[in-house]
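Here is a friendly walk through one model, with the strands, the rings and a few backbone details taken in turn. Please keep the viewer open as you read.

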Amino acid sequence: MTIYCIRFLLICLFFLGMNSLMGQDSFTTYFQPQLAFNYKVLPFYSHNLTIGNRNYIYRDGETQFQGRNLDITHFSTFSSGANSSLGLGLMYRFRELFEPERNNEFRLTQQMNITSRPLIARYGHRLRSEQRIFPDLTIHRFRYRFTLDFPLQGEKVDVRETYMILNAEALLSAGRGMSSQFDQRFTATLGWLLEEDLQWQVGLEYRMEDYTASTRPVLFLNSSLVFSL
């Protein structure tokens, strides 16, 4: 019953949000599928490789389907304690393939993650700094994300069972010759543990970009298939 109530709530929130947001000229919606591979090298050291594609499905007041960018990301994570980790990441974003007037991006990421599980739910705090490198500009971005995840059946997630992930993230971007930009993101994700080493996740992410200046509302329809090797 819990699962069906949450699904119904998410569907209602989605359609209510879409109805109000689509009336705004600046509103954009993306569909973003991802394929991720997790590999543990040592008990305290693991790799993650993710390939993702972002596509327009609504912009400029019109429904359309058009590719925007392709991302390839690699992360190395080092466990620094029972509930903490440090990570280093590299990402390359192919943008010119889809929009020739836009530049590709190379991104460096450093992060710290702390989690706790006092009861059934797990809480997570993530601090991340990024250097977004373009041909003519480097943007420094600082991020804080709070995450709550929990099983929807029982006290832990078993095979063929579902779980929920909720998070809120604040971002600050700064660079030479540009005004500081503040963004806020909210995400709700429903996941299925299909096999011991395979997960499927679908979710909605709402972003308020540059909300201290001219707010640009953005909605993401996300889908991820995650393999643990």
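## Strands β4, β5 and β6

Strand β5 and strand β6 (residues 122-134) run antiparallel to each other and are paired over 11 bridges. Before going further, please note that this is a predicted model. The link from β5 to β6 is a hairpin of five residues. For a handy point of register, look at leucine 108, whose bridge partner in β6 is glutamine 131.

On the other pairing of β5 (residues 105-116), the partner is strand β4 (residues 84-94), again in the antiparallel sense, with 10 bridges. Here arginine 93 has glutamate 105 of β5 as its bridge partner.

## Strands β8, β9 and β10

Further along the chain, β9 pairs with β8 and with β10. The antiparallel pairing of β8 and β9 spans 12 bridges, and glutamate 169 finds its bridge partner in β9 at arginine 185. Six residues lie between the two strands of this hairpin, where glycine 177 has a positive phi near 80°.

β9 also runs antiparallel to β10, joined to it by 11 bridges. In this pairing, glutamine 184 sits opposite methionine 208 of β10. The hairpin formed by β9 and β10 has two residues between the strands. Is strand β9 largely enclosed or not by the rest of the structure? It is largely enclosed, because 11 of the 15 residues of β9 (residues 181-195) are buried.

## Valine 202 and its surroundings

Valine 202 gives a closer view of strand β10 (residues 198-209), where it is placed. With a relative accessible area of 24%, valine 202 is partly exposed, because buried would require a value under 20%.

Which residues does valine 202 touch, leaving aside those up to four places away in sequence? The contacts are Ala188, Thr189, Leu190, Trp192, Asn222 and Ser223. There is also a C-alpha distance to check in your viewer: valine 202 and leucine 221 are 19 residues apart along the chain, and their C-alpha atoms are separated by 7.7 Å.

## An aromatic cluster around tyrosine 30

The model has nine aromatic pairs. One of them joins tyrosine 30 and tyrosine 56 in a tilted arrangement, 5.2 Å centre to centre with 40° between the planes. This pair connects distant parts of the chain, as tyrosine 30 belongs to strand β1 (residues 28-42) and tyrosine 56 to strand β2, 26 residues apart. Both tyrosine 30 and tyrosine 56 are buried. What kind of pair do tyrosine 30 and phenylalanine 220 make? Their ring centres are 5.0 Å apart and their planes stand at 40°, so this pair is tilted. It too links distant parts of the chain, with tyrosine 30 in β1 and phenylalanine 220 in strand β11 (residues 216-228), 190 residues apart.

Through these ring pairs, Tyr30, Tyr56 and Phe220 are linked into a cluster. Tyrosine 30 counts as buried because its relative accessibility is 9%, and phenylalanine 220 is buried with a relative accessible area of 0%. Two arginines also meet these rings: arginine 54 lies over the face of tyrosine 30, at 5.6 Å from the ring centre, and arginine 59 lies over the face of tyrosine 56, at 3.8 Å from the ring centre.

## Positive phi in two loops

Now for the backbone. Most residues other than glycine have a negative phi. Aspartate 60 is not a glycine, yet its phi is positive, at about 55°. Aspartate 60 sits in the loop between β2 (45-59) and β3 (62-81). Is aspartate 60 buried or exposed? Its relative accessibility is 61%, so aspartate 60 counts as exposed.

Arginine 160, also a residue other than glycine, has a positive phi near 75°. You can find arginine 160 in the loop between β7 (137-151) and β8 (162-174). Arginine 160 counts as exposed because its relative accessibility is 61%.

How values were computed: Residues are numbered from 1 along each chain as its sequence is written. This is a predicted model: local features need pLDDT of at least 70, side-chain atom pairs count only at pLDDT 80 or more; totals for chains, interfaces and linings use all residues. Side-chain values use heavy atoms; hydrogens and water are left out. Helices (H or I, at least four residues) and strands (E, at least two) are DSSP runs, numbered from the N terminus. Buried means under 20% relative accessible area, exposed over 50%, partly exposed in between (1.4 Å probe, protein chains only). Contact means heavy atoms within 4.5 Å. Two strands pair if DSSP finds at least two bridges between them. Rings of Phe, Tyr and Trp (its six-membered ring) pair if their centres lie within 6.5 Å; planes under 30 degrees apart count as stacked, over 60 as edge-to-face and the rest as tilted. A charge sits over a ring if NZ of Lys or CZ of Arg is within 6 Å of the ring centre and within 35 degrees of the ring normal.
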